[in-house]
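Welcome, and thanks for taking a look at this one with us. Have the viewer ready, and we will walk through it part by part.

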Amino acid sequence: MLEKNITISIDFMPKRVFDFWHFNMEKESRLLNHVLNSFLFKWDPNRRRKLGLLREAPYSIRAANGDYVVYNLRDDIKWQDGRPITANDFKFWFEVYKSDLNTNKYDAWANTEIEVENPKRFKVLFKEPYVFRTLSNLLQPAPEHLLRKIWDNFNTDTKKLPRSERLNKWDDLLDRIFGLDTQLPLSSGPFIISKIEKNRIQLKRNKYYYHNIGNIRMLDFVVQSEEERKRSIENQNIDVGSLTFPNICICKEKYSQIKVNTNTWITLIINHFWLQKLFHNEDDQVEFKKALDFLINNSNLLELMQDPTLSIAPSFVYGFTSQKQEITIKTSIKEILKRCGYALNKEGIFKNFKLGIIIPQSSIFYQKLAYSLKNILLSSGINLKITKIDDDAFYSSSFLNHASDMKFNLIPMAYQGDPAFEKGEIFSSLKSGSLVSNIPTKDNNFVGENISGFKNQEYDLCFLKLSTEQNMDKRQAYLFKLAELSLEYVSSISLFTKDEYWLISSKIKNVNFNALTGTISWNIDEWRVIYDN
């Protein structure tokens, strides 16, 4: 069979090419991670599971202290140096993932225990209900034989340092051992690193990969701007590349187009605890939300942010009231606040009225959003206080769990993919970590409040069912129901970035892409290249 090189256009050279623990959120790192590493399983576009490192699908066993998920590994899986991949590599993954150095934990995965039964079989105990326990692909093997000594030495050398300093040193260490210049044979996937040049990464076939790679000999990743990529696609100089709207309408006869479901959704949730303190009368709360909604809807927020990639979320709430409610404004924000006893100072700002938002210190996007909101609110006499905090603290799960303890007024959230899948945990009272929140249980008749003060019994009962349902079709029905309920009741603003499309040369066949995975390369080991005569 004739072999072929494939050229893939990327946006930038990533700091790291391996990301076993999902510490690095750079999209190019995630792209390479899908090519250089193997996974337990993947999902095809018809939501059927395709096994990878496993010889059978993981299954759940109910226990007194939670749910066990059992994993049985294939016998022929190896690292690129020929060493077998074993259950101990997964145990090592958990050891690092659950450490205090991981600031990107998912709560359910952090509250687990792993038990190794033999080199090819292990089970994970989930101590809290978790909807994705047999469906999640977060878990990866990490090569213990290569990384154990590095990990142990790091802990010994830094154990007396403050956590912030340890985090910085850990980050520097990962950049070295997982960076472009790594000499460690870390791959378990279809390709391994062959050559690194300026603005170019070349990968070659992994001879120890358990699956046939077809007729692709080499992957050539080339850094290009979107304009350069557009010209390369027009001239058919690259095989694969992504373009954003409206550049996608080119070379349709030479490239197939696949929409990537990696839209970033940005939601601002109004803290209901704060709103209740601000207005003791429920009618005043509703009227204030409507007035705030009207103000933001008529203030050209997107134009103020000057971000051409953003648009209003078409299927979720824009503003602080439900789409199903007709917004009729008879009273302005100024009139409402004056009626509630707040007075204006000489500069036209309400005294003693505190409204604040906390954002990550290095995010340009969140700065645009916060300062645009500040300008909008100033027109109504409200001075929005903007506080910047450490990025790791902002994005960590503990930040969400303690949001109301931190006296938030506006709670900003950003997430990728389908909001119906992501919003479930955000709005469920099951995920509350605040001292003033209640977790719904049988004892309190399933009445709870989440971090923003949102409470809805129907939502929580639906989420409880979702947390144990393993049938994909039934799960999707529950997710759609949660989305419908959040539309009706949750006070929030939602924006999203415009679509991205991958263009793939028509010479490449058997591209089986599930948009839910967010990465085009997930089944690249099955691609076939057809040659012209």
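Which residue stands opposite Val222 in S10? Ser9 does. Keep in mind throughout that this is a predicted model.

## Strand S10 and its partners

Strand S10 covers residues 216-223. Ser9 and Val222 face each other where S10 pairs with strand S1 (residues 4-10), a parallel pairing that runs over seven bridges. S10 also pairs with strand S9 (residues 200-205), here in the antiparallel sense and over five bridges. In that second pairing, Ile201 is the residue opposite Phe221 in S10.

Is S10 mostly covered or mostly open? It is mostly covered, with seven of its eight residues buried.

## The overall picture and how far to trust it

The protein chain has 533 residues, of which 53% count as buried. Its secondary structure comes to 16 helices and 21 strands. Taking the contacts with a separation of 6 or more, 67% are between residues 24 or more positions apart.

Confidence varies along the chain. The average pLDDT is 77, and 70% of the residues score at least 70. Helix H4 has the highest confidence, at a mean of 97, while helix H13 (residues 397-401) has the lowest, at 46. Two stretches call for care when you read the model. Residues 312-327 have a pLDDT below 50, and the model gives this stretch 62 contacts beyond near neighbours in sequence. Residues 431-440 also stay under 50, with 40 contacts beyond four places in sequence.

## An open sheet of four strands

Now turn to an open sheet of four strands, ordered S4-S5-S7-S6 with antiparallel pairing. Strand S4 (59-63) and strand S6 (112-118) are the edge strands; each has a single partner, so one side of each is left without a neighbour in the sheet. From one strand to the next, the twist averages 25°.

The partner of S6 is strand S7 (residues 121-126), and six bridges join this antiparallel pair. One of the positions to look at is Glu113, whose bridge partner in S7 is Leu125.

## Helix H2 over the sheet

Which helix lies across S6 and S7? That is H2 (residues 87-97), running at about 165° to S6. H2 is mostly covered, as eight of its eleven residues are buried. The buried set consists of Ala87, Asp89, Phe90, Phe92, Trp93, Phe94, Val96 and Tyr97. Phe92 has a further role in this description, as a member of the aromatic cluster described next.

## Aromatic pairs and a cluster

The count of aromatic pairs comes to 19. Among them is the stacked pair of Phe18 and Phe20, with 5.9 Å from centre to centre and 20° between the planes. Phe18 counts as buried at 1% relative accessibility, and Phe20 is buried with a relative accessible area of 1%.

Trp151 and Trp170 form an edge-to-face pair, 5.3 Å centre to centre with 70° between the planes. Trp151 sits in helix H4 (residues 144-158) and Trp170 in helix H5 (residues 163-177), so this pair ties together parts that are 19 residues apart in sequence. Both residues fall under the 20% cut-off for burial: Trp151 is buried at 5%, and Trp170 is buried at 6%. As for the cluster, Phe18, Phe20, Trp21, Trp79, Phe92 and Phe178 come together in one aromatic group.

## Charges over rings

Two charged side chains are worth finding in the viewer. Arg49 lies over the face of Phe41, 4.6 Å from the ring centre. The charged end of Lys123 sits over the ring of Tyr68, at 4.5 Å from its centre. Lys123 falls within the residue range of S7, 121-126.

## A buried position in S15

Our last stop is Ile357, which lies in strand S15 (residues 355-360). Why does Ile357 count as buried? Its relative accessibility is 1%, and buried means under 20%. How far apart are the C-alpha atoms of Ile357 and Leu268? They are separated by 9.4 Å, although the two residues are 89 residues apart along the chain.

How values were computed. Residues numbered from 1 in each chain as written. Predicted model: local features only at pLDDT ≥ 70, side-chain atom pairs only at ≥ 80, totals over all residues. Heavy atoms only, no water. Pairing = 2+ DSSP bridges. Helix = DSSP H or I, 4+ residues; strand = E, 2+ residues; numbered from the N terminus. Axes fitted to C-alpha atoms, helices over the stretch in contact; angles between N-to-C directions. Contact = heavy atoms within 4.5 Å. Buried < 20%, exposed > 50% of the residue type's maximum accessible area, 1.4 Å probe, protein only. Phe/Tyr/Trp six-rings, centres within 6.5 Å; stacked < 30°, edge-to-face > 60°. Lys NZ or Arg CZ within 6 Å of the ring centre and 35° of its normal. pLDDT = per-residue confidence, 0-100.
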